[in-house]
Amino acid sequence: MKLYHSSPVVVSQPDTTHSRDYLDFGKGFYLTSIYDQAVRYAERFKRRGRDAWLNTYKFAYQPEDWKILTFEAYDAAWLEFVSACRAGNDVSDYDMVVGGIANDRVILTLDRYFAGEISQEEALGLLRFEKPNIQYCIRSERMTARCLTYIDSKEL
């Protein structure tokens with residue numbers, strides 16, 4: 001499978017150590033299988049006056065060899081996991097987490113939920129109308145090294 005990572009730099013040697021803390025699925029190397037989603041994300045760098053690179057990788061793995069958590073929808077489990085990760089309270093040891101990205105519309109709902117303005121039930125009611133865009137968060141260096149092969153980078 002082909003995956004994409006947008007960045008202000010070429011990332012030919014991906015790792016999890018350069019990740020920021022408190023992201024949707026915790027600290028890890030984030031990718032998407034959706035080309036247009038990756039390009040839209042890269043545009044954010046350009047709007048901030050930075051370079052924008054679209055890094056492409058081949059991702060090959062055997063699911064049974066890895067500890068993987070997958071979310072099929074913006075549901076209560078997804079909301080609880082993202083809440084824990086964004087608060088720095090995730091203690092899970094998944095090699096990879098796959099699921100919906102908190103895009104601009106979703107993040108507004110999450111912010112309101114985190115601030116206590118709306119309940120979990122209200123947040124899930126709003127999120128059920130959103131179609132998840134897929135993101136892959138590789139959280140273990142071992143998986144990054146064994147399963148992700150750099151193909152190329154294109155400046156946008």
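This passage describes strand pairing, nonpolar cores, the largest pocket and several individual residues in a predicted model.

Strand 3, residues 53-59, pairs with strands on two sides of the sequence. With strand 1 the pairing is antiparallel and comprises 6 bridges; within it, Leu3 has Tyr57 of strand 3 as its bridge partner. With strand 7, residues 148-155, the pairing is also antiparallel and comprises 7 bridges. Tyr57 is again involved, its bridge partner in strand 7 being Tyr150. Strand 3 is largely enclosed by the rest of the structure, because 6 of its 7 residues are buried.

Thr56 belongs to strand 3. The relative accessibility of Thr56 is 8%, and the residue therefore counts as buried. Beyond the residues up to four places away in sequence, Thr56 touches Lys2, Leu3 and Tyr4, together with Thr149, Tyr150, Ile151 and Asp152. The last of these, Asp152, is located in strand 7. Asp152 has a relative accessibility of 38% and so counts as partly exposed. When neighbours within four places in sequence are set aside, the contacts of Asp152 are Leu54, Asn55 and Thr56. Asp152 and Leu54 are separated by 98 residues in sequence, while their C-alpha atoms are 8.4 Å apart.

A further set of pairings involves strand 5, residues 96-100. Strand 5 is mostly covered, with 5 of its 5 residues buried. Its pairing with strand 4, residues 68-70, is parallel and is made over 3 bridges. In this pairing, Met96 of strand 5 is the bridge partner of Ile68. Between strand 4 and strand 5 the chain passes through helix 2, residues 76-86, in a right-handed β-α-β crossover. Strand 5 also runs antiparallel to strand 6, residues 134-138, and the two are joined by 5 bridges. Here Val97 has Cys137 in strand 6 as its bridge partner.

The contacts of Val97 extend beyond that partner. Apart from residues up to four places away in sequence, Val97 touches Phe25, Leu69, Phe71 and Phe81, as well as Gln135, Tyr136, Cys137 and Arg139. Val97 is also a member of the largest nonpolar core, which has 20 residues. Those touching the most other members of this core are Phe25, Phe71, Trp78, Phe81, Val97, Val106 and Leu110. At least two core residues come from each of helix 2, helix 3 (104-114) and helix 4 (120-127). Helix 2 supplies the largest share, 5 residues. Another core, of 14 residues, lies apart from this one and includes Leu31, Trp66, Met96 and Ile138.

Val106, which was listed above among the members of the largest core, is placed in helix 3. Its relative accessibility is 0%, so Val106 counts as buried. Leaving out residues up to four places away in sequence, Val106 touches Tyr74, Trp78, Ile101, Leu127 and Glu130. The C-alpha atoms of Val106 and Glu130 are 7.5 Å apart, with the two positions 24 residues apart in sequence numbering.

The largest pocket has a volume of about 1300 Å³. Its lining is formed by 38 residues, and those nearest the pocket centre are Ser6, Arg20, Tyr41, Arg44 and Phe45. Two or more lining residues are given by each of strand 1 (2-7), strand 2 (29-31), helix 1 (35-47) and helix 3. The largest share of the lining, 7 residues, is provided by helix 1. Helix 3 thus appears both in this lining and among the helices that supply the largest core.

One backbone feature was noted in the loop between strand 1 and strand 2, where Tyr22 lies. Tyr22 is not a glycine, yet its phi is positive, at about 65 degrees. With a relative accessibility of 52%, Tyr22 counts as exposed, because the cut-off for that class is over 50%.

Note on methods: Residues are numbered from 1 along each chain as its sequence is written. This is a predicted model: local features need pLDDT of at least 70, side-chain atom pairs count only at pLDDT 80 or more; totals for chains, interfaces and linings use all residues. Side-chain values use heavy atoms; hydrogens and water are left out. Buried means under 20% relative accessible area, exposed over 50%, partly exposed in between (1.4 Å probe, protein chains only). Helices (H or I, at least four residues) and strands (E, at least two) are DSSP runs, numbered from the N terminus. Two strands pair if DSSP finds at least two bridges between them. A crossover is right-handed if, with the strands pointing away from the viewer, the path from the first strand over the helix to the second runs clockwise. A nonpolar core is a set of buried Ala, Val, Leu, Ile, Met, Phe, Trp, Tyr and Cys residues joined through side-chain atoms within 4.5 Å. Contact means heavy atoms within 4.5 Å. On a 1 Å grid over the protein atoms alone, a cavity is a set of points where a 1.4 Å probe fits but cannot get out, and a pocket is an open set with protein on both sides within 12 Å along at least five of seven lines; lining residues have an atom within 4 Å of a point. Grid points are joined across faces, edges and corners, and a volume is the space filled by probe spheres set on the points.
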